[in-house]
Amino acid sequence: MDKLITIERHINDTQKQYPHATGTFSNMLQDIALAAKLISLETNRAGLVDILGMTSTHNTSGERQQKLDMFADNVIFQMNDHTGRVAAMVSEEHEDLIEIPVEYDTGNYVLLYDPLDGSSNIDVNVSIGTIFAIHRKFTKGEKGTIEDVLQEGKRLVASGYVIYGSSTMMVYTTGQGVHGFTLDQGVGEFVLSHPDIRIPDDPAYYSANHGSEIEWTEGVRHFTRWLQGRGDDAGPKLKQRYIGSLVADVHRNLLKGGVFYYPGTLQDPGKPYGKIRLLYEAQAMAYIISQAGGYSSDGVGDILNIRPHTLHQRSPVFMGNRDLVKKAEDFIRAHDAEWIAAYKDYRNRELIL
Ligand code: AHG
Ligand code: MN
Ligand code: MN
């Protein structure tokens, strides 16, 4: 048998390289892995529960089945609220900062998460995911604050995602490469299956919602034609694949090479920023992509350099092979001056506390 490396062992082995590490951070990643197993179980059961009209095991009184994204949100919160490792959390499903209940200790980290990504795919049995990111708390005092979660992506100490697909995988980085683990359903362990993932040099796919093309700016349209190998300055002629779960779309392109984009538009002048959430989606995935040798941009610059100003901030996203993403920036610079001005206005807003 090949050496079997569980996620727990991998986290512990990585930890040993830091003689002063207390283990807190490793335990936090393990808490997230456990939450992922519970969500995976419930995800697999979701279809069955619907068909049979049954309620899940935690709700036998005939109440409506809890929505899977609420379930996932709850699981992640409950795995992390009492451990003394986390000082505050923020989730796509909560308007405000989530404080740690007063009866529990707080710790040195803050956790940002999208509990269920791609939720429109749940009912049709298509891949969904969970996204997480961890910052070190830097403010004084016991409680984590908004400032602690509104940090630049380049300051993240870890991020990752779980994909609930044909198998369940957890992929994470702590700044030492990107590592992927597949859940062995039989023994209930995440086992190292994709060590040190690097985005392949030769890209295979581009991924964007073509249904929104009418709203795209000139630069994004030119970029798309370039990706399709059309025009004078023909690009790589990639195939198009789009799932509608950021996790699944980025995961595929991470393994096969390519670019995912969800651009900002001028369609609604007050909203030049697209759809993807900076704190719960873009930063975490951008850190993974950068650790795998790729690059992520908002169309103007590195996503990891954006200084967030509000919890539910959105960001245009272009992520994948560096040369492809740089090309998107080139096209946008050449064609989209009006959009750039509108978007910069939004991106550079003052901190909202
Ligand atoms: P969520 O399910 O967490 O709200 O996220 C959905 C997001 C993202 O995962 C995906 O890339 C995008 O929405 C898809 O949007 P369109 O349906 O507009 O293509
Ligand atoms: Mn999402
Ligand atoms: Mn979500």
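This passage walks through a predicted model of a protein chain with a bound ligand, going from the overall layout to the ligand and then to a few single residues.

Let's start with the big picture. The chain splits into domain 1, covering residues 7-194, and domain 2, covering residues 205-347. Their C-alpha centres sit 25 Å apart. Where the two domains touch, 47 residues from domain 1 and 29 residues from domain 2 take part in the contact.

Now for ligand 1. Both domain 1 and domain 2 give residues to the shell around ligand 1, so the ligand lies between them. The shell holds 17 residues, and the ones that come nearest are D117, G118, Y242, L246 and Y262. Sorted by character, the shell residues come out as six nonpolar, five polar and six charged. Two strands, β3 (109-117) and β11 (258-262), each chip in at least two of the shell residues. Of the elements involved, β3 gives the most, with three residues.

What about polar partners for the ligand's oxygen atoms? In the side chain of Y242, a polar atom lies 2.5 Å from an oxygen atom of ligand 1. S119 uses its backbone instead, with a polar atom there 2.9 Å from a ligand oxygen. E92 also joins in, as an N or O atom of its side chain is 3.1 Å from an oxygen atom of ligand 1. On its own, ligand 1 would expose 470 Å², and the protein buries 84% of that.

Next come two serines, one of which is S159. This residue is found in strand β5, which runs over residues 158-164. Is S159 buried or exposed? With a relative accessible area of 0%, S159 counts as buried, because anything under 20% falls in that class. Setting aside neighbours within four places in sequence, S159 is in contact with F132, A133, V171, Y172, T173, A284, Y287 and I288. With A284 there is also a polar link: the S159 side chain reaches the backbone oxygen of A284 at 2.8 Å.

The other serine is S297, which lies in strand β12 (residues 295-297). S297 is buried as well, with a relative accessible area of 0%. Leaving out neighbours within four places in sequence, its contacts are I303, P316, V317, F318, V325 and E329. The side chains of S297 and E329 are joined by a polar contact of 2.7 Å. A polar atom of the S297 side chain also lies 3.2 Å from the backbone oxygen of G301. For a sense of scale, the C-alpha atoms of S297 and I100 are separated by 33 Å, with their positions 197 residues apart along the chain.

Finally, a quick look at two loop residues with backbone angles worth noting. N125 isn't a glycine, yet its phi is positive, at about 60°. N125 lies in the loop between β3 and β4 (128-136). Its relative accessible area is 75%, so N125 is exposed, the cut-off being over 50%. D196 is another residue other than glycine with a positive phi, in this case near 45°. Where does D196 lie? D196 belongs to the loop between β8 (189-194) and β9 (205-207). At 46% relative accessibility, D196 counts as partly exposed.

Key. Residues are numbered from 1 along each chain as its sequence is written. Chains are lettered from A and ligands numbered from 1 in the order in which they are written. This is a predicted model: local features need pLDDT of at least 70, side-chain atom pairs count only at pLDDT 80 or more; totals for chains, interfaces and linings use all residues. Side-chain values use heavy atoms; hydrogens and water are left out. A residue is near a molecule or strand if one of its heavy atoms lies within 4 Å of it. A polar contact is a pair of N or O atoms within 3.5 Å; within protein, one must be able to donate a hydrogen and the other to accept it, and residues adjacent in sequence count only if both atoms are side-chain atoms. Accessible areas come from the Shrake-Rupley method with a 1.4 Å probe; for residues, only the protein chains shown count as cover. Helices (H or I, at least four residues) and strands (E, at least two) are DSSP runs, numbered from the N terminus. Ala, Val, Leu, Ile, Met, Phe, Trp, Tyr, Cys and Pro count as nonpolar, Asp, Glu, Lys and Arg as charged, and the others, Gly among them, as polar. Domain bounds come from an automatic or database domain assignment. Buried means under 20% relative accessible area, exposed over 50%, partly exposed in between (1.4 Å probe, protein chains only). Contact means heavy atoms within 4.5 Å.
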